[in-house]
Amino acid sequence: MPPMRVCYACERTFETPRARCDCGEPLWRPIEPLESCPSDAGSSGRSIWRYDAVLPASQPTGDLEAGGAAVWRSRSLESYAGANVWLADEGRNPTGSFKDRGSAVGVAATLEAGIDRVGTVSHGNMASSVAAHAAAAGIDCTVLVPADIAEERIRAIARFDPQIVRVHGDYGRLYYDALELGRRHGIQFLNSDVPLRVAGQKTLAFDLLETVPSLDAIVLPVSSGGNASAVWKGLLELRAGGLLESLPRLYLIQAAACDPIAAAYRSDRERVDPASGVKETVAYSIANADPPSGTRALAAVRDTDGAALSVDDDAILEAQDRLARDAGVRVEPASATTVAGLRRLTERGDVGPDETVACVLTGRGYGGEGELPSAPVVDREDLESSLDSE
Ligand SMILES: *Cc1c(COP(=O)(O)O)cnc(C)c1O
Ligand SMILES: [Zn+2]
């Protein structure tokens with residue numbers, strides 16, 4: 001039997017399903033070679049479950065269909081981005097972000113292990129995703145959020161009716177406390193980078209390479225580093241199974257206002273330290289100042305010969321507009337960092353104009369933010385003349 005958990009950094013193995021290694025780094029499940037891409041999907045459609053040979057659970061527990069990313073070439077963005085751009089729209093997942101891949105596998109594997117309560121530490125997409133999958137599976141869910149959470153956020157999470165606890169104090173610390181408390185209280189915490197979440201989210205790499213086998217690079221927004229770890233692991237499993245010769249370069253993008261991973265990359269450090277002097281950013285989903293898988297994300301960048309960089313809010317908002325106005329895709333600002341980042345990468349020559357690059361649009365967002373348009377109010381009899389004035 002392979003071990004339950006492996007440390008990517010020191011290669012220590014563990015026989016129990018823990019989340020962190022003694023060396024402090026996050027653990028994941030052993031590399032499971034993917035030997036064939038099941039494009040003939042059968043009853044599981046294009047969802048993540050067609051990869052069940054390399055998933056830690058054999059079937060979904062509810063009816064929510066996670067995965068099956070829409071991946072298409074976007075010619076209308078190519079002059080702006082400076083390379084052959086493919087878009088992967090993770091916003092089509094049940095709750096509008098890639099987190100559903102990890103939540104689906106996390107909830108299913110938790111139930112198969114005989115535990116019937118899940119939780120997470122999040123005030124954003126992950127909270128809604130875990131709560132929705134718990135709801136569909138008919139099990140209890142606890143979400144720990146900061147005490148000062150904004151009203152529209154708590155409403156979005158409450159929609160799925162989990163137990164919500166607003167916690168005072170250091171929110172970064174809560175990630176670790178929750179893992180510990182979960183063990184004592186029979187709650188499987190599906191935090192941002194835990195092994196079960198990574199196991200589900202790695203399927204994004206499979207979807208990308210299935211559609212675009214000649215991919216030179218993948219551009220991802222990064223916050224906790226959990227998803228970057230997952231995509232890296234997916235690539236390693238494709239290579240281990242003989243489906244991929246060399247790994248596409250991983251480019252990880254952060255918002256300049258909060259960029260501990262990009263800062264570590266810039267100064268050539270081995271480890272990611274917590275960011276100080278963090279400011280607000282429009283990219284609210286990627287503002288983790290103390291990323292639990294930051295150092296692992298950095299390892300993914302170095303292993304694939306990629307880079308980590310940050311883009312400022314103006315560049316993010318401009319890319320978000322381009323995505324909507326030129327490509328017809330609505331994304332939240334965190335996802336627009338990919339197109340802004342690719343533009344920088346082609347400007348500075350890291351990515352060549354003939355290279356093929358996938359930008360992962362990680363989440364859809366609410367859609368109600370942004371500028372109010374100047375839409376005139378007209379009477380019915382003036383409608384025709386107002387159409388001519390366009
Ligand atoms: C969670 C999230 C991210 C960042 O993923 P990490 O695994 O925390 O690095 C990026 N974009 C969106 C939309 C997210 O919800
Ligand atoms: Zn270790």
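## Exercises: a sheet and two loops

D161 sits in the loop between α4 (151-158) and β8. Keep that residue in mind while working through this predicted model.

**Exercise 1.** Work out what sign phi has in D161, and whether the residue is buried or exposed.

*Solution.* Start with the backbone: phi of D161 is near 60°, so we have a positive value in a residue that isn't glycine. Most residues other than glycine have a negative phi. Next, check the surface: the relative accessible area of D161 is 66%. Exposed means over 50%, so D161 counts as exposed.

**Exercise 2.** Do the same for E11: find which loop holds it, then its phi and its exposure.

*Solution.* First, locate E11 in the loop between β1 (5-7) and β2 (13-14). Then read phi, which is near 65°, again positive in a non-glycine residue. Last, look at the surface: E11 has a relative accessible area of 61% and is exposed.

**Exercise 3.** Put the strands of the open sheet in order and say which ones stand at the edges.

*Solution.* Walk across the sheet: the four strands run β8-β7-β6-β9, with parallel pairing. β8 (163-167) and β9 (188-189) each have a single partner strand, so they are the edges, and one side of each lacks a neighbour in the sheet.

**Exercise 4.** Zoom in on β6 and β7: how many bridges join them, and which helix packs there?

*Solution.* Strand β6 (residues 117-121) pairs with β7 (residues 140-146) in the parallel sense over five bridges. For one of the residues involved, T120, the bridge partner in β7 is V143. Now add the helix: α3 (residues 125-137) packs on the sheet and touches both β6 and β7. The direction of α3 makes about 170° with that of β6.

Methods:
Residues numbered from 1 in each chain as written. Chains lettered and ligands numbered in written order. Predicted model: local features only at pLDDT ≥ 70, side-chain atom pairs only at ≥ 80, totals over all residues. Heavy atoms only, no water. Pairing = 2+ DSSP bridges. Contact = heavy atoms within 4.5 Å. Axes fitted to C-alpha atoms, helices over the stretch in contact; angles between N-to-C directions. Buried < 20%, exposed > 50% of the residue type's maximum accessible area, 1.4 Å probe, protein only.
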